[in-house]
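Biologist: I'd like a close look at one part of this structure, the empty space inside it. Could you take me through it slowly and then put it in context?

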Amino acid sequence: MKDLIMFLILSVIAVVSSLFVFLSKNIFRGALSLSLLLVTMAMFFAMLNAEFIAAVQILVYAGGVLVLILFAIMLTKEREPSVSEVTTSRAVALIAFVVLSLFYLAKHTWEKYVPEKEFSATGASVGTKLFQTYVIPFEAASFLLLAAMIGAIYLARRRG
Amino acid sequence: MEEDKIINQLKEKFGEKILDAKIQRARRVVITINRDDIYEVCKYLYENGYEYLSCISAVDYEDRFESVYHIFNAKTRVLVQIKAIIPKDDPKIKSVYSIWKAADWFEREAYDMMGIVYEGHPDLRRILLPHDFKGFPLRKDFKLTPAQWFEKKG
Amino acid sequence: MKYNIEGLEVEEKDGEMILNMGPHHPSTHGVCRLVLKLEGERAKEIIPVIGYLHRGVEKICENRTYPQIIPITDRMDYLSAMNNNLVYCLAVEELMGIEVPERANYLRIIAAELQRIASHLIFIATFGADFGSWTIMMYGFREREMVLDLLEEMSGARFLYSYMRIGGVKRDVSEKFVEQCKKTLNIIEKRLVDYENYINENEILLDRLQGVAKVSAKEAINLGLTGPNLRASGVAYDIRKVDPYCIYDRFDFDIVTRKEGDVYARVMVRIDEIKESIRIVRQALRELPDGEIRAKVPKVIKPPAGEVYARVESPRGELAVYLISDGKSDKPYRIKFRTPAFANLAAFPHFNKNLLIPDLLLSFASIDIVMGDIDR
Amino acid sequence: MVAELVDYIMSNKILLGISKGVVVGLFIILYASLMVLFLTWVERKVAARIHVRYGPNRTGPYGLLQPLADGAKLIQKEDIIPYAADRLIFTLAPVFAFAFAVLPFAAMPLADGLILADLNVALLYIIALASLSIIPVIMAGWASNNKYSLLGAMRAAALNLSYEIPLVLSIMGVVLVVGSLNVFDIVKYQTEYIFGIIPKWIIILQPLGFFVFFVASIAEMSRIPFDMPESESELIAGFHTEYSGMKFAMLLFAEYIHMVFGSMLAVLLFFGGWHLPGLGYVLSFLENFLSGFAYTVVKWAIQFGVIVAKALAIMFVLMWIRMTLPRARLHSIPTFYWKYLLPLALINLGITAVAVAVVG
């Protein structure tokens, strides 16, 4: 009961803020509501007993990635809110998105995604999963990221 | 003496163009020329060790303007004062900015205060007074009494 | 977007930002406005806008009698009022052929050198504030206060002295002053070591000062930099030596130079100059003769027709006055002040391209300008 | 009546939780605010002492009432919102700044057993919330619509991207040693002794880690030498140029709370928290005299006092640094953090990992 109330409140916040992200005419406010969305997501994780992931979510996305986004926004010159126009391509994209997500929802059932009750995502359990069960995908991912990073540095250097 | 030497040098090089040359006191030489020769004289002095442009001032006499250059040679310790005569009705003179970058603001100030136009100066604007000020306050005929109102900048 | 900066059209392109630094900014040392064209925090272009403190000193002087001008000169470079007094008095004396008594000459030199110490100390203090160390600021003012006490003892004023008179000085000094002066100089000499250590033993500070806003000797001469700023580039140019005035040729002192030409050199030159000034004052105190302090001058000062260009080494550089008398009135026909800070600020945009704002401000502080001196 | 209410609250689990939360939460806010008021006075006194002057000495004994006078002045000030500012964000920024500054205290033990929310990932929660504290700064800088504020916010963001990673990595060293993200466990670990005499404070095991942590947290508090976002002589006051009155006071408060928070975290992680050699004897001596509840209160008070005393010592060092060092060069700071501090933190982490694996 308590969880349900929390879930409803949080989902309303999440949906409203995510709508605001792309409906807002002010790009900076949009980014700020994105941060609100990220924090709500973290709370969802916390409700699913995944406190570790919740904290990491805030640390990495809200504290790291979002600051980068805000930094980039501050570098742009456009101070006045630019009114986004409804173009055909945007309308097509929106309709396609809605149709596809409805299709996806219809195909999958909710029950599948109820978390395993016995697994609680504490630091220790996440560590065990990452470094024992899934160590090869984890290392592969980190290798891929490293390659991407080196490539980015190379590209940036060549331009500057 | 160094003072005599530079006067002789200048007279040799420019001849009649040097209207007047005298030694004011030790280490001070005063030379009078016409405005058309200012650039050549300055260039010559600069190439002969007179590297320091100390000051450019403008003076308003009854019959003429003068643009006065004080140029110093640190080795011989002689300060040459060049007085370039500018007619009242056409206050124009060639800029020495391309010789000394230091001339930049001195010339702007002379323009601002005395209305002498330095031709060839890259950015001859008013410097101390607002850009929409009317008249040249250090001229003797400048009326002090009426106030000037400036447009409000948005 | 286009801006009109005092008649100059400046265009703000993509990726640029026009930033008004001043007229009210903590680090512009008065009401100076620097219009910066920034790319990120890098200043591509600097356009100084001055004139906010313009009082028309030269015009006022044309309407004042010769002695009345002395207090006006105080108010130009208010941090080195003694030197301003001195250059003006030297000009009038040369015009009239007045011989200044020995004692007055010594007192003038003591006053001018104490003023130089005070001015350099205030430079160090405000420079400290600019790099974020309020401690240095307090220390600088503490030492300056002692020098001001001495100057007060000499002239009766603490800031705008009007101490020099045409033909001499205003007041004589007592034995007590001489003792006090010696004591103060000893204290300052000791504390200068602290300043040097603070700068030389601080990695963060060295990182900020060294190699910033370099200017080569040739460029500096061409730009019209004078004073410590020029000497920091390795040019031994000091009016006290190359074109001696007063009785400076009797004293034993060195021209302080540094090779680097960066902000660090400009700071260290000033600290070393304080030491040289202390040397001069000590010699002057030792040799201080008895006698008159003012020559016999006529009641109404009316110099013969003529012109004179007098110059002195002020703490900021070459301070000169070009004085023309028509011989008919007791007011100067034309007076033009060649002020050091004006020339130094004019040179500033030329050797400070592509600096970050913090470096730019330090470089700006290091040329040690006084707005009263620039705007006159 | 009161007794009945207390009984009722005690019997109801949810109500007990809520009332405990309210009491401890209020206590935390009160503590943070009082600490800030005190700190402003301390900072001015310390600064004055180093500057060879007196500092505040007119309001109350030793000028102790100066912060209250300042507060009274700030309340009277006109609340100015610039015409071109983004009013909503401009107003929200100080609120968020204050909130984000206070929130990490929720997972911070103030004494043995005294904590608002005992999370098993408390340390991570604290770091995460601390990393959020940059967002109000950016909000304030952007919403002011002032070029200096914007530059300040950009500097804050750039600085944040530099110091965050070494900070977290240095804390990870502590986590490796202790083997837990729970701050209680970390402090308990430090109550033991090496060879029976030296207290097992983590500063002894992790000197390098502490150095990295300390330098990075100076940047986190944005104090000299890393006070780029404000740098009063360059950007006037950076992101709070346009703020006045209570909004300004809140931003200032938030900044000082960061200082309190940073030094408390340092105490908990590296200086043994509430542990002090010999304190255990005093406590067991007191236990003989006092009954359960009274003993707990006294114990908490003493332990809290120990933490505050240690934190004050660290804050004094921070003030000392501020009064001694100049502001660092802007573009040397990312270089310093990425090229020197980050490798140092990684080396520290590596050594710690090997040592932990070898020792046990």
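Which residues line the second largest cavity?

Modeller: Happy to, with one caution up front: this is a predicted model, so everything below is computed from predicted coordinates.

The second largest cavity sits in chain D, and its lining is made up of D:Ile127, D:Ala130, D:Ser131, D:Glu164, D:Leu167, D:Ile171, D:Phe213, D:Ser217, D:Glu220, D:Phe261, D:Gly262 and D:Leu265. Its volume comes out at about 110 Å³. If you sort that lining by class, you get 7 nonpolar, 3 polar and 2 charged residues. As for the secondary structure around it, α5 (122-132), α7, α10 and α11 of chain D each put at least two residues into the lining.

Now for the other cavities. The structure has 7 of them at 30 Å³ or more, and the largest holds about 230 Å³ of space. That largest cavity has 20 lining residues, and the ones nearest its centre are D:Ser133, D:Val137, D:Glu220, D:Ser222 and D:His258. Two or more lining residues come from each of α4 (87-102), α6 (134-143), α7, α10 (207-220) and α11 (245-270) of chain D. Helix α11(D) has the largest share, with 4 residues. By class, the lining of the largest cavity splits into 14 nonpolar, 3 polar and 3 charged residues.

D:Glu220 is worth a second glance when you have the structure open. This residue is in the lining of the second largest cavity, and D:Glu220 is also among the residues nearest the centre of the largest cavity. The helices tell a similar story: α7, α10 and α11 of chain D serve the second largest cavity, and α7, α10 and α11 turn up again around the largest cavity.

Helix α7 of chain D also takes you out of the closed spaces and into an open one. The second largest pocket contains about 1900 Å³ of space. It is lined by 37 residues, with A:Val56, A:Val60, D:Val168, D:Leu169 and D:Met172 closest to its centre. The elements that each bring at least two residues to this pocket are α3 (51-75), α5 (123-133) and α6 (135-159) of chain A, plus α7 (147-178) of chain D. The top contributor is α7(D), which gives 9 residues. On the chain A side, domain 1 (2-120) and domain 2 (121-160) each provide at least three lining residues. Counted by class, this pocket's lining has 25 nonpolar, 10 polar and 2 charged residues.

Since chain A has come up, here's a bit more on it. Chain A has 6 helices and 0 strands, and 21% of its 160 residues are buried. A:Val67 belongs to helix α3 of that chain, and A:Val67 counts as buried because its relative accessible area is 0%. Between the C-alpha atoms of A:Val67 and A:Phe7 there are 27 Å, with the two positions 60 residues apart in chain numbering.

Chain C offers another pair to set beside that one. C:Ala347 is in helix α12 (residues 340-347) of chain C, and C:Ala347 is buried, at 1% relative accessibility. The C-alpha atom of C:Ala347 is 5.3 Å from that of C:Leu223, although the two residues are 124 apart along the chain.

Also in chain C, have a look at C:Glu62, in the loop between α1 (57-61) and α2 (69-74). C:Glu62 counts as buried because its relative accessibility is 9%, and the side chain of C:Glu62 makes a polar contact of 3.1 Å with that of B:Lys140.

Last, the cysteines. There are 0 disulfides over all chains. B:Cys55 is in no disulfide, and the nearest cysteine sulfur, in B:Cys42, is 13 Å away. B:Cys55 is buried, with 0% relative accessibility. In chain C, the closest cysteine sulfur to that of C:Cys246 belongs to C:Cys89 and is 9.7 Å off, so the two are too far apart for a bond. C:Cys246 is partly exposed, at 23% relative accessible area.

Note on methods
Residues numbered from 1 in each chain as written. Chains lettered and ligands numbered in written order. Predicted model: local features only at pLDDT ≥ 70, side-chain atom pairs only at ≥ 80, totals over all residues. Heavy atoms only, no water. Disulfide = S-S within 2.5 Å. Buried < 20%, exposed > 50% of the residue type's maximum accessible area, 1.4 Å probe, protein only. 1 Å grid on protein atoms, 1.4 Å probe; cavity = no way out; pocket = protein on both sides within 12 Å on 5 of 7 lines; lining within 4 Å. Points joined across faces, edges and corners; volume = space filled by probe spheres on them. Nonpolar A, V, L, I, M, F, W, Y, C, P; charged D, E, K, R; others polar. Domains from an automatic or database assignment. Polar contact = N/O pair within 3.5 Å; in protein donor to acceptor, adjacent residues only side chain to side chain.
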